[in-house]
Each structure stands twice: as C-alpha cells, then as structure tokens.
Amino acid sequence: MYVAVKGGEAAINAAHSLLADRRRGDRSLPSLTMEQIVEQLSLAVDRVMAEASLYDRALAALAVRQSRGDLIEAIFLLRAYRTTLPRFGTSVPIDTANMQIERRISATYKDLPGGQVLGPTFDYTHRLLDPALLHDEAVEEPSRKEPLPGATTRVSDILATEGLIEADSVLPQDEPPGDLTREPMEFPMGRDLRLQALARGDEGFLLALGYSTQRGYGRNHPFVGEIRIGEVEVEMEVPEIGFAVSLGRIQVTECQMVNQFKGSSKAPPQFTRGYGLVFGQSERKAMSMSLVDRALRAEELGEDITAPAQDEEFVISHADNVQATGFVEHLKLPHYVDFQAELALVRRMRADIEATQEENSSVEGATENRR
Amino acid sequence: MTNSSSNPLAPEQEARRRAAALLARARADELSTAWEKLPIKPESNPVRGPETGLVMVRGRIGGGGAPFNLGEATVTRATVLLSSGTAGHAQSLGTDKAKVRLAAIFDALWQEEQTAAFVESEILAPVEARIQEEDRQQAEKTAATRVDFFTMVRGDD
C-alpha cells in the first residue's frame with residue numbers, strides 16, 4: 001500500500017516569505033537597483049551570463065538580486081528563464097579579430113601590432129583592502145591617450161605566418177555545429193560541442209582542472225599567446241531583409257593558449273593551441289577553458305590519456321554547475337520512504353548475521369560438549 | 001566592425017544594413033525623442049511582435065576556424081506595416097519591446113522617400129555620432145593603459 005503524505009505547504013509559504021524578508025535585509029538601508037548591480041557588480045553579472053549561457057546583463061542582474069548574490073542560484077534562474085523563449089535564429093560567427101578592444105595582452109610577444117594594453121585589470125594591484133572604498137569617495141576620470149592606428153592583429157595570425165603553430169581548424173563544408181541544448185550529449189564528441197560545454201561550464205571546476213594540468217596531471221606546457229576583451233558585433237540573417245544585419249554588440253573574453261608540443265605519430269613538433277571564449281569580462285574562465293580545451297585534445301594529437309583533465313566524458317559530464325547542483329542538492333529533499341526501505345533492509349541483514357553467528361556458536365558449543 | 005566578408009553587398013543593401021545596425025543600437029530615449037519631433041505620425045499596424053526570443057551566438061574554434069555555438073542572447077524583433085503599405089523590420093539585442101516597435105516604424109519611414117531624410121538626420125546620424133564618440137573615449141582610455149617598454153642599461157662595462 002502506498003500512502004501519500006501531504007503537508008508542509010504552510011511551512012513552505014512561510015519559508016519563502018522569510019526568504020523575501022532576508023533578501024531585502026535591513027529596511028533602513030536603500031534597496032539595490034538593477035543599474036547598480038550591472039554597473040558596480042559587473043563581473044558577477046558577467047559570470048552569471050556566461051554560465052547561464054544567456055547574454056543579457058539586465059536579466060542577469062535581476063537573477064543576482066533575486067538569488068541574494070548566490071551566483072549558482074542566479075545561473076539556475078537565468079537558465080530556467082531561457083527555456084521560456086523561442087529561438088529566432090543563429091548568428092553569423094562573431095569576428096574576434098574585429099573587436100573594440102578593452103584589454104589585450106600577450107605573454108609570448110613583447111612587441112606586437114596593437115601593443116600590450118592592460119585595460120581595467122586587477123593584475124599588479126597589491127591586493128590590499130582599500131579603506132577609500134568604505135565611503136563613497138569621488139573617483140577620478142581615467143587618463144587618456146591617442147590610440148594606435150590600425151587593427152589589433154590576433155597573435156595566432158602572427159604566429160601562423162611562420163608555420164610553427166597549428167592553423168585554425170579547417171571549415172567543414174556546410175556542416176552546422178552541434179548544439180548541446182538541442183541534442184543529448186554523446187561521447188566522444190566534437191571539439192565544437194566541447195567548446196560549447198566549456199563556455200557554459202563552472203568557472204571553479206574549469207579553474208581546478210586547468211590548474212591540475214599545470215601541476216603535472218596531463219601537462220601541456222602552456223603560454224598565454226593572447227588574451228583580449230572587448231565588444232564584437234552580433235549579426236543575424238533576417239529573411240525579410242535578405243542579408244545579415246547587426247543586432248548590437250556583446251562583450252566577450254578570448255584566450256589563445258599556445259602549447260609546446262614535441263610531436264607524436266599523428267602530428268609533427270609544433271605549437272598547438274587551446275581556445276577559450278566566454279561572454280563578458282571573464283579572464284580566469286577564458287584561460288581555464290583554453291587549458292582544458294587543449295588537454296581534451298589529447299586523443300586527437302596522439303597523446304597518452306593519463307589525467308582527469310584529458311578525460312572528455314569526466315570533464316564534460318561534470319562541468320555544468322546547474323546539473324551538478326541539481327543532483328547534489330536533491331539529496332536534501334524528503335527521502336523518507338527510500339530511507340525506511342533501506343532501514344528495514346539493514347535491520348534484516350543485521351538480524352540474519354546475528355542469527356548465523358548464534359547458530360555457529362551453538363554448533364561450536366555442541367562440538368565442545370562432544371569432546 | 002562587420003562580419004560579413006563573403007558576398008559584398010550592393011550600395012543600397014549596404015545602406016539598409018547601416019540603417020538596421022544603427023536602429024538596433026539606438027536607445028529608447030533617442031527613438032522616442034525623434035518620434036516626438038516627427039511632424040506627421042504615421043499609422044502603423046503590427047504584423048509580427050514585438051516579441052522577445054533568442055539568438056544562438058556562434059564563435060569560431062581558435063578564433064578563425066570552424067563555427068561553434070557559444071551561447072544565446074536575448075533579442076527582440078518587430079515587423080510593422082504603415083498605412084502607406086511599407087513594411088518595417090527591426091531587431092535588437094535585449095528585451096525592450098517598445099523600443100524595437102518604434103525602430104520598426106522608423107525602418108519603414110527610412111524606406112519612404114518623404115521621410116528618409118528625417119530618419120537620417122534625427123536618428124541615424126546622431127546615433128552613429130554617439131557610438132563613434134563612445135568608442136573613441138573608450139579607445140583613448142584603453143590606449144592610456146598600453147605598456148611602453150624601455151630598456152635599462154645595467155652595469156657600466
């Protein structure tokens with residue numbers, strides 16, 4: 001007989017109203033505005049957009065506020081919202097060579113067209129808490145300088161001219177890239193699908209895996225060929241107009257990792273590459289992504305697969321924090337019936353063992369009596 | 001900043017492309033200000049939307065290789081029909097339906113001979129100038145963070 005247990009509705013309602021109360025916090029303080037979150041917590045907003053795989057700063061800011069700053073909860077909210085919208089189409093692939101640059105650095109070439117441009121970076125700060133930020137002190141206008149004329153060439157294009165670095169993968173004829181949101185995952189998967197999964201993967205997970213390759217678990221001798229951050233145009237074909245038109249611009253972070261490679265039966269000695277591309281300003285994520293992308297190319301390049309970061313199924317199956325949090329956190333939901341069944345099972349096993357032991361000892365006793 | 005390299009567009013298509021891009025970038029207040037200034041407000045009927053959906057944004061493996069799906073972005077689009085019979089289309093990132101509906105009306109007005117100059121002078125040119133100014137300011141602030149390397153001579157013999 002199955003008995004459904006009801007109840008908890010009043011408790012749940014009260015819990016949600018308490019949540020709303022705590023979210024608002026001290027009523028004597030002004031409430032956060034969406035604009036404040038977008039402007040002043042912009043990197044949190046960017047992380048939510050990247051891992052929710054949905055570019056919309058206003059909605060990401062709403063999610064950050066609603067989740068009380070719990071970014072994985074915010075990512076979950078934005079992912080859920082995404083499922084309510086129809087898809088109008090796909091963009092023309094964005095052109096990162098044609099970027100309104102906000103930051104661009106290379107660790108492999110000191111002097112390169114466009115130069116080393118630091119942009120708004122935490123690098124070289126002393127990581128000392130700044131008491132000035134305790135108060136609303138006026139911030140000076142940043143300094144300005146005449147920009148260099150000409151385009152900022154991608155480092156991969158500079159290296160490619162020497163032939164010592166692998167070229168960008170050739171374009172397959174009219175084969176549309178795979179889409180994780182449309183087809184179930186199957187392994188092994190193409191690099192296109194892996195990059196889609198990594199681009200929405202958890203920053204902490206990818207950071208740890210990237211770090212593990214540096215510590216020797218699937219070492220691949222990386223150099224930052226280039227990191228660039230800036231806005232690119234998003235264009236989509238509009239049938240009514242008859243060609244692709246711009247929908248506006250989005251900010252992305254791109255990382256080209258260049259890896260020394262001693263060659264294998266499948267490829268000659270050369271520099272190979274790992275690629276990272278992330279919505280918003282998210283350098284740590286783009287770097288981690290490029291390290292893991294390169295590690296996951298082990299099979300393609302004929303390397304031994306010895307480390308977790310090289311294991312495609314392990315990495316891709318565990319990179320999504322919405323899936324991960326769903327499965328981990330479901331453990332706290334009522335499992336009363338499961339547990340009662342397990343409890344009965346353990347009781348029975350215990351009773352069986354005790355009965356066997358008693359039987360054995362009585363047999364032993366009997367043997368002793370016979371002596 | 002344009003992506004399409006394959007087929008060069010005819011001049012009139014290029015003009016349409018520019019208008020669509022600038023209408024997509026126009027802010028809601030820029031469009032409503034222009035609407036207020038419009039001497040004769042046209043009647044328009046919605047054909048589709050305004051409606052919000054998604055565009056799957058693609059990148060290229062390694063920056064220049066095969067395409068892959070990076071992630072989605074919100075996009076809002078609208079199609080309107082003026083009483084004159086001209087259809088206007090607009091599409092812009094984000095979820096602002098009122099803005100995109102107005103942009104679609106201006107797209108139709110841009111195609112009509114009597115109002116094309118108005119749309120150019122009251123929306124397209126000012127929006128283009130604003131974007132150029134914003135880009136210039138941002139580029140100058142960024143350029144100030146460019147590293148100027150210099151070599152230090154160490155030791156004296």
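This note describes how strand E2 of chain B is paired and how chains A and B meet.

1. The model is predicted: local features need pLDDT of at least 70, side-chain atom pairs count only at pLDDT 80 or more, and totals for chains, interfaces and linings use all residues. Residues are numbered from 1 along each chain as its sequence is written, while chains are lettered from A and ligands numbered from 1 in the order in which they are written.

2. In strand E2 of chain B (residues 67–82), 14 of the 16 residues are buried (20 or more other C-beta atoms within 10 Å of the residue's own, with C-beta atoms placed from the backbone). Strands are DSSP runs of at least two residues, and helices (H or I) of at least four, numbered from the N terminus.

3. Within chain B, E1(B) (residues 44–60) is antiparallel to E2(B) through 14 bridges; strands count as paired if DSSP finds at least two bridges between them. B:Gly53 lies opposite B:Val75. Six residues separate these strands in a hairpin, where B:Gly62 has a positive phi of about 75 degrees.

4. E3(B) (residues 87–93) is also antiparallel to E2(B), over seven bridges, with B:Val80 partnered by B:Gly88. Their hairpin has four residues between the strands, and B:Gly85 has a positive phi near 105 degrees.

5. Pairing also crosses between chains. E1(A) (residues 54–55) runs parallel to E2(B) through two bridges, and A:Leu54 stands opposite B:Glu72. E2(A) is joined to E1(B) in parallel by three bridges.

6. The contact (C-beta atoms within 7 Å, placed from the backbone) takes 70 residues from chain A and 56 residues from chain B. On the side of chain A, E5(A) gives the most, with nine residues.

Terms used:
Buried ≥ 20, exposed ≤ 12 C-beta atoms within 10 Å, placed from the backbone. Contact = placed C-beta atoms within 7 Å.
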